[in-house]
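Trainee: Could you take me through one part of this protein in some detail? I would enjoy a close look at a single helix and what lies around it.

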Amino acid sequence: MQQKSKLFLQALKYSIPHLGKCMQKQHLNHCNFADHYYNRIKLKKYHLTKCLQSKPTISELARNIPTRSFSSKDFLPIKQENEKPLSENMDAFEKVRTKLETQPQEEYEIINAEVKHGGFVYYQEGCCLVRSKDEEADNDNYEVLFNLEELKLDQPFIDCIRVAPDEKYVAAKIRTEDSEASTCIVVKLSDQPVMEASFPNVSSFEWVKDEEEEDVLFYTFQRNLRCHDVYRATFGDNKRNERFYTEKDPSYFVFLYLTKDSRFLTINIMNKTTSEVWLIDGLSPWDPPVLIQKRIHGVLYYVEHRDDELYILTNVGEPTEFKLPPWACGFIMDTNSDPKNCPFQLCSPIRPPKYYTYKFAEGKLFEETGHEDPITKTSRVLRLEAKSKDGKSVPMTIFHKTDSEDLQKKPLLVHVYGAYGMDLKMNFRPERRVLVDDGWILAYCHVRGGGELGLQWHADGRLTKKLNGLADLEACIKTLHGQGFSQPSLTTLTAFSAGGVLVGALCNSNPELLRAVTLEAPFLDVLNTMMDTTLPLTLEELEEWGNPSSDEKHKNYIKRYCPYQNIKPQHYPSIHITAYENDERVPLKGIVNYTEKLKEAITEHAKDTGEGYQAPNVVLDIQPGGNHVIEDSHKKITAQIKFLYEELGLDSTSIFENLKKYLKF
């Protein structure tokens, strides 16, 4: 089924000469900024070479920004380490399935960062950063560049890799599972590779090469989860390291992004609703950066480059209507552009029913359909829509075993997130496959507050509209039951981090819909957290949750849904919570307070109910370390699955035998 869907993220093409005129206008609002340039997009093309002839004007503009200083994260999509065209990925599904079926399943491991550059592939092998020739990447013939054990870290892994343009250096960001802190190492590539430098607390980093063929590493420094400083460093005989940029507004964070053609480095200063981008010429990285558009509250934009043209992706301007399914979202260029030349992949973060996929052919967008999961060919994929209280259609994606019968008697695991405009994660996980193989139904509810249907979908589920996400989740679960998918006594719900807000709120408002819940690092005490400005992320989060310290309307609204504030004596589903001792994003104190208050309410309800009442189980599993969510933790995965099987009274013998095929214990 297709319907018209407004895409609020428009891709607009600009030239720097026009941007220069734009920067000289001191009073621009959303409309005249978009209207003034949107008409020009379709009429003219300009080239960047013209821009580079007017650097004095650009330098003046760069110096006259009052709230930032120049001394001599994360909203853009992270650069994919090993990108392939969408159609190529679809063709590879059969190869992936064959590999999964033929390789020894005991060897399944989560793949770490990998990047291709020149004729080499750079990746992690064991405890080493290595590289191998592209054609030998699947063999054991590789060159060791650096042994991670030299850093004296506990079980380090490589999170990100960047190679210098001429392959004289490679930089890698290294983390551990029990901490979000990371170290960036720089290795000089030679007959005897050697670590040239290391930098602590690095968030994003990119290489460029200056006029004298010298490699320059730009990186951002993160302190207490706040990323405000940009540095640049050189190595070898001309070694230096200097702070290049400082963002002074604590509600913003800074993230570096290298355009896909490596021509420009962008400094992205962002919060949840507003952005500002500075452009660094990849050929002249020591020149002052160019301001694309001064930050305007409510205006988000990102910058790409291709063939001497800038592409500005923004949420302002006249919305264009496209006939796309309601779950599809992506960066679409203006309608006069040939989609074959689009430098961005159209992304569909929700896998729709029958695995719809989108690709460009002969300048047109069309669909391919298939009735089975192209990897396992054992599960069925469906899409349902639930009607929320206000009549809004809320999409769901459902997986279950192809030969399942009497679905009403099958266990159901519901996933939800609904915050920050982020899509609900539906990536392949071994435990999810094992659950489906064991007869479970997996349902993904794409509620408001997430990003599946664009920026408006997010806006309709944040601040004083957060209750929309709760209404959506309730409607989704009721629709699943109404359509014959499981029943309340066999229904479980799972979420992590900010997804815990909606789960905790539903446990307070409609606990009868659920039998059991698993949460990881959940955000449960919204009010007290958002009133504590000493916490590292409170100021950055104001645009998502509101400011209860200074806005009484926000405070009263948060009180209506905050899980901790609304606990009451009643019957609750059983709840298993995994928390991390030194988690900086979701403080342990709030989770402990929630757990204690919940247990007190359950005890009080049990007294009023009398003998024979079976109280729900509440388990708080506090793990050591300072990470936020450890997706690949085998201990966490097995503890959660064991909890769900016990609460539903299911035999878990086969599930753990099957799980052992994929996870190393």
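Mentor: Happy to; here is helix 11, followed by the core its last residue belongs to and two loop residues. This is a predicted model, in which local features need pLDDT of at least 70 and side-chain atom pairs count only at pLDDT 80 or more, while totals for chains, interfaces and linings use all residues. Residues are numbered from 1 along each chain as its sequence is written, and side-chain values use heavy atoms, with hydrogens and water left out.

For the setting, the chain has 15 helices and 33 strands (DSSP runs numbered from the N terminus: H or I of at least four residues for helices, E of at least two for strands). Of its 665 residues, 55% are buried (under 20% relative accessible area, with a 1.4 Å probe and protein chains only).

Helix 11 covers residues 538-545, and six of its eight residues are buried. Those six are T538, E540, E541, E543, E544 and W545. Just after the helix, G546 takes a positive phi of about 105 degrees.

W545 deserves a longer look. Leaving aside residues up to four places away in sequence, W545 touches Y420, L463, K466, A498, V501, F523, V526, M530, I558 and Y561 (contact means heavy atoms within 4.5 Å). W545 also belongs to the largest nonpolar core, which has 87 residues (a set of buried Ala, Val, Leu, Ile, Met, Phe, Trp, Tyr and Cys residues joined through side-chain atoms within 4.5 Å). The residues with the most contacts inside this core are V414, L473, L480, L493, V526 and W545. The largest share of the core, seven residues, comes from helix 8, residues 466-482. V526 is thus on both lists: it is touched by W545, and it is among the core residues with the most contacts.

Two loop residues are worth checking in your backbone angles. S486 is found in the loop between helix 8 and strand 30 (491-496); its phi is near 65 degrees, a positive value in a residue other than glycine. S486 counts as buried because its relative accessibility is 1%. A521 sits in the loop between strand 31 (516-520) and helix 10 (526-530), and it too is not a glycine, yet has a positive phi of about 45 degrees. With a relative accessible area of 0%, A521 is buried.

Definitions and conventions
Buried < 20%, exposed > 50% of the residue type's maximum accessible area, 1.4 Å probe, protein only.
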